[in-house]
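Take a walk through this structure, one region at a time. Start at a helix, then move on to the cores, the domains and the ligand.

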Amino acid sequence: MNVLELHNVHKNYGGPPVVQDVSLSIAAGQTVAIIGPNGAGKTTLFGVMAGEHRATKGSISLFGKDATRAGAQRLSHLGVARTFPVARYFLAKTVEQNLVIARDAHQSKYRNPVSRTPRSDEGIRTALRAVGLDELRHQPSNTLSHGDRKSLEIAMALTQNPAVLLLDEPTAGMGAEDIPRTIRLLKGLRESRPDLTIIITAHDMEVVFALADRVVLMANGRVALEGNPSAIRDDPLTREIYLGNSYEGDKQ
Amino acid sequence: MTLLSTLISGVAYGVPLFLVASGLTLIYGVIGVLNFAHGSFFVVGALLVTTIIGSTVPTVPTFIIAVLAGAAVVAAVGMLTETTVVRHLYRRDHITMLLATFAILLIVEGAAEGIWGNSSRAINKPEILSGSTQILGTTIPLYDILLVFVGAVVAIGLFLLINKSTFGRSVRAIAQDQVMGEAVGLNTKRVMLLVFGLGSALAGLAGALIAPNVSVSPSLGHAFILQSFAIVIIGGLGSVTGSLVAALLVGVSEAFAVAYATYLTGFTFYILVAVILLVRPRGLLGSAKLGRA
Amino acid sequence: MSVSVRNPAPPINAGPPFVTASSRSRFDLRPIYEPLIFLLVTTAAYFVMPPNMQYVLGIAVIYALLATSLGVLFGWTGIYTFGHAAFFGIGAYATALLKEQAWGPLAFLGMSALIAVIAAVLIGLIGQRLAKVEFAMLTMIVGQIAYLLTFRVPVLQGDNGIYSIPRGDVFGIDLTPPVSFWWYSIIVVAIVMGVLRRIHLSPFGESLNAIRDDAVKAAAIGIPVKSLRLAAFALAGGVAGLAGGLFAQQGSIVTPSTLSFTFSGQIIIMALLGGMMGFWGPALGAILFQFINALVFGNSTHGTLVLGIILLAVVMLFPSGVLGVFARLRDLLMRSRSRQ
Ligand SMILES: Nc1ncnc2c1ncn2[C@@H]1O[C@H](COP(=O)(O)OP(=O)(O)OP(=O)(O)O)[C@@H](O)[C@H]1O
Ligand SMILES: [Mg+2]
C-alpha cells in the first residue's frame, strides 16, 4: 500500500509552473531522497505535499484517500510532519517550549482555552535527547547555532509521532560532527519504526547515499530520473543536469 | 436615462475612485507600504482647490491650474511623509509601518480640520464644463466626459510609465526585489520617494477633480477611504489594473442601481465587496505584483 | 486503510527514566492574584483621589479592559485591526437599545458581549482568507460602516446619541452612587481580566502566539490557524463589546464617537503606550493615557491632531511601550551590575 501518491501535480506562484507533471508513489517505510539543482522545485513540491501550497493541477492521496485540498493543519494531524529548508520554529521560546507547542498542537490541546500551563513530558525529553539538544533545552531558541536549529525542527516533528516525515535539507548548516549524528538518528528511527516513511531533500550526497532507498532527481520542476541511488549516480543525465546547472551558475 | 448615459455616469463615478485606489496600490506594490493616510491626502487635494477657487466661477485655465496645484501640493505632502517617517521604518516590522501611517492619517486630518474648519464648502465648475452635450440622442454632463477623459489619460499614462519607461523599469525591478535593485545600482531611495510622491499626487488629483461635484469637508475622506480601500482589496493589493477594473465595476454598478434599481442605491458597493471577497478572496486579479501586472 | 491504524512509535533511544522538573508550579496562580492586585491597587487609588480624578479612573479601568481586548489581537495573535471601536460601540449601543428591558446590569453586559461576538464572527468569516494587510483594511472599512450606520438607522439617533441608560442594581445594591458603580465595574473588569489571563497562559493562548510568530510553521505543526484567528477575533470582539456595555452604563449615554475611527486610533495608542506584548501592557497604557489626557489636556476631548502626534511619537520612539522601556532599563541595570 502506498502511503503517499502524487498524480500529475503542477504548482505555480502566479507565473510559470515551478513544479510540473510530477507523479510519485511512495510506499510505507520507504526513505526517498529528492535531489536536483537549486530552483528545481524540491521545496515547492514539499510545500504541496505538506499542504502549505495547494497544487494548481493534479491530485495527492495520503493512505489511499484524497488529500489534494487538505491543507497543512489537516495533513499534520493525519501524520505528515515536515521541516523547512531554513529551520522555522518559535524564536521567542526556549528549545523545550518549542517542543511543548508542537506536542500540544498535535494533541489538539489548544481546544481548551482555560487549561493549565503546558508542561514538558517524557516524549519531549526523548525527542530532545535523540537530536542531542537535551542539555540546551532551557536555552532561548534564538541563540542556537544553525545546525542546532535544524535539529530542533526535527525534534519538533518527532514529538508529533509522524507517519510521513518530510525533511527539507535536514543537514544544511550542520557542523561536521552533527551530520553523522543526524544520519544515525534517522537510521535509528527507521529501525525502530519500520513503517515510518521519510522523504528528504539534500544537496549533500553523503546523506542521500547513507539513507535513501530510492532517489528522485528533479530538474526544472519535473521528475527527470527515478531509481535506486547508485543507478541515479551513474546515469549520465544526472551529470548533465548538475553540470548544466553549475555552468549557468558560473555565468551569473 | 439610457444605457449609454448610465454607463458614462458610472465610469465618471468610478474615475476618482480609480485615481485614489491606483495611487494606494502603486505605493503598496512598489514599496510594500500600505498608506493609511492616503484618504486624508485625497481630502487635502479637494480642500486646496476650494481655497484656490473660492466662490468665483473659474475660467478653464484657472481651474486646471487649481487642480494641478492641488495634486502638486499633495505630492509634496506625500514626499514629506516619506522622508520624515516612512523611510525610517522600512527596516521595522509591518505593524510599525501600519501604525505610523495611521498616525499620519490622524495628523493630516486633524491639521485639515484646524486649517479649514469643519464646515462644508462647494465650488463652481468653469462655465463651459457645467453644461451638457448630446451624444446619440442622450444628454451627458460635460464634466462627466472630462472625468472619463482624465481617467483614461491617467490609466494609459500609468501603463506607459510602468511598462515602457526607464523609470518604470527601475520601479518594476524594485517591486520585484529591493535588494537586487540596489545591487544592480538603482537609486532605490529616490525611486521609492518618487513613487510615494506619484501615488500621493493621484490622490490629490482625485480630490481636486471631485471638489466641484460634492460638498467638501475634512470628513469627506472617510467615505472615500472606505471605498478606495475596498477597491484596492477587491482589485488585488498591488495591482493597478485590478484597481481600474474594480473601480469601474463599482462605479458602473452604482450607476445602474441608481437608474434601474433604486432600492439598491448605496448598497451595491457593499454587496459587491462581500461577494467578491467570498468568491475571490485574493482579489479579482490575485495579488499580482506590479511587475507582472 | 485508515489513519488510526498507525503504530505508536516506540521510544527512540529509550534512556533511563527521569523526573520531569518543570520550572513552573503545577497551579499557575497568576490569573487569580494579578487581577486581584489590579483591583486592590486601582481601588486604593480610587479612594484617595478627588472626585474628578475618580471619574477619570472609572473610565480608565473600562478602557483598560478594552485595550486588553485589542492586545488579544495585536499582541497575542498578530491580527491587525483598525476598527476595534466598532465592537466597543456595538456593545455600548446594544445596552443602550435594550435599556427598556427589565434586566439586571450583568444581563446587559452579557448581551453586549454576545452581540459583539456575533458581529466579530461575521466579519472574521468574511475576512478569513484575506492576508494581514488586507484584513487590516477590512476592519477599517467595517469600523467606518458601523459609524455611518448610527446616522442612517433612525433608532440609533445619530449625533444625539441614546440617553438615560439605567445602571440598575446588582444583588439588591443600587449602582447609581459612584462608589457602588466603582465596585461593580472594577469587579467585572478584574474578573474578565482574570479569565483573559487564564486564556493567555493556556495552550490556546500559546497557539495564538505561535500563529503570531510564524503562521506557516504553526499550520505545519497542526495548529488550526484560521479557526484560532477567528476565535481570537471573536474573543476580542466580545470583550470589547462587554467593555462597551459597561461604558454605556457608566455614562448613561452613548454617542457615535464610541465608534469613530479616531477612537479606534485612541485604543491603539493606549495599548501601544503600555506595550502590546505583555499581558498587562495595554491595560497599563490605557490608564496612563487617561490620566495624561486628563492632567495635560484638562480632560477636554483633544483633537485628532494631538492623538496622531502622540501615536507617531510612540511608534517611532518607544515601539514596545512603557513595559518595553522597563524591560530595557532592567537589562541595562543587570548588565552594569554584572560588569562590576
Ligand atoms: N514563494 C515563492 N514565490 C515565487 N516564486 C517562488 C517561491 N518559492 C520558490 N519560488 C521559485 O520557484 C522555483 C523553485 O524553487 P524551490 O525553492 O522549490 O526550489 P528548490 O529545488 O527547493 O531549490 P533549492 O535547492 O535552492 O532549495 C525557483 O525558481 C524559485 O525562485
Ligand atoms: Mg529548497
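**From a helix to the ligand site**

Helix H1 of chain C covers residues 30-48, which makes 19 residues. From its first C-alpha to its last it reaches 27 Å, close to the 27 Å expected at 1.5 Å a residue. Keep in mind that this is a predicted model.

Which residues of H1(C) are buried? They are Arg30(C), Pro31(C), Glu34(C), Pro35(C), Phe38(C), Leu39(C), Thr42(C), Thr43(C) and Tyr46(C). The list holds charged residues such as Arg30(C) and Glu34(C) as well as Phe38(C) and Leu39(C).

Just ahead of the helix is Asp28(C), placed in the segment before H1 of chain C. Asp28(C) counts as buried because its relative accessibility is 10%, and the cut-off is under 20%. Its side chain makes a polar contact with the side chain of Arg30(C), at 2.5 Å. Arg30(C) is itself among the buried residues of H1(C).

Now step along the helix to Thr42(C), which is found in H1 of chain C. Why does Thr42(C) count as buried? Its relative accessible area is 7%, so it falls under the 20% limit. The side chain of Thr42(C) reaches the backbone oxygen of Leu39(C) at 3.1 Å. Beyond residues up to four places away in sequence, Thr42(C) touches Leu57(C), Val61(C), Trp182(C), Ile186(C) and Ile287(C). One further distance places Thr42(C) in the fold. Its C-alpha atom and that of Phe181(C) are separated by 14 Å, with these positions 139 residues apart along the chain.

Next come the cores. In soluble globular proteins, nonpolar side chains tend to be buried together. Here the largest nonpolar core has 235 residues. Phe102(B) and Phe82(C) have the most contacts inside it. Helix H2 of chain C, residues 51-77, gives the most to this core, with 17 residues. The core also draws on chain A, with at least three residues from each of domain 1 and domain 2.

Look closer at Phe82(C). What is it in contact with, leaving aside its neighbours within four places in sequence? From chain B come Phe36(B), Leu98(B), Leu99(B) and Phe102(B). From chain C come Phe74(C), Ala136(C), Thr139(C), Met140(C), Ser264(C) and Ile268(C). Phe102(B) thus appears in this list, and it is also named with Phe82(C) for the most contacts inside the core.

A second, separate core has 30 residues. It includes Val9(A), Leu45(A), Val80(A) and Ala163(A). Val80(A) is also touched by Met49(A). Met49(A) is found in helix H1 of chain A, residues 42-49. Met49(A) is buried, because its relative accessible area is 2%. Besides Val80(A), Met49(A) touches Leu4(A), Leu6(A), Ile34(A), Ile60(A), Leu75(A), Leu166(A) and Ile199(A), not counting residues up to four places away in sequence. Met49(A) and Phe84(A) are 35 residues apart along the chain, and their C-alpha atoms are separated by 13 Å.

Chain A has two assigned domains. Domain 1 takes residues 1-79 + 163-252, and domain 2 takes 87-161. Their C-alpha centres lie 25 Å apart. The contact between them takes 18 residues from domain 1 and 17 residues from domain 2.

Two residues of chain A call for a check of the backbone. Ser108(A) has a positive phi of about 55 degrees although it is not a glycine. Its place is in the loop between helix H3 (95-106) and helix H4 (122-130) of chain A. Ser108(A) is buried, because its relative accessible area is 16%. Glu169(A) is the other residue, with a positive phi near 50 degrees. It is found in the loop between strand E7 (164-168) and helix H6 (178-192) of chain A. At 19% relative accessibility, Glu169(A) counts as buried.

Glu169(A) leads to ligand 1. Which residues surround this ligand? They are Tyr13(A), Val18(A), Pro37(A), Asn38(A), Gly39(A), Ala40(A), Gly41(A), Lys42(A), Thr43(A), Thr44(A), Glu169(A) and His203(A). A polar side-chain atom of Thr44(A) lies 2.5 Å from an oxygen atom of ligand 1. For Asn38(A), a polar side-chain atom lies 2.8 Å from a ligand oxygen atom. An N or O atom in the side chain of Glu169(A) is 3.4 Å from an oxygen atom of ligand 1.

Terms used
Residues numbered from 1 in each chain as written. Chains lettered and ligands numbered in written order. Predicted model: local features only at pLDDT ≥ 70, side-chain atom pairs only at ≥ 80, totals over all residues. Heavy atoms only, no water. Core = buried A, V, L, I, M, F, W, Y, C linked by side-chain atoms within 4.5 Å. Buried < 20%, exposed > 50% of the residue type's maximum accessible area, 1.4 Å probe, protein only. Helix = DSSP H or I, 4+ residues; strand = E, 2+ residues; numbered from the N terminus. Domains from an automatic or database assignment. Contact = heavy atoms within 4.5 Å. Expected span 1.5 Å × (residues − 1). Near = heavy atom within 4 Å. Polar contact = N/O pair within 3.5 Å; in protein donor to acceptor, adjacent residues only side chain to side chain.
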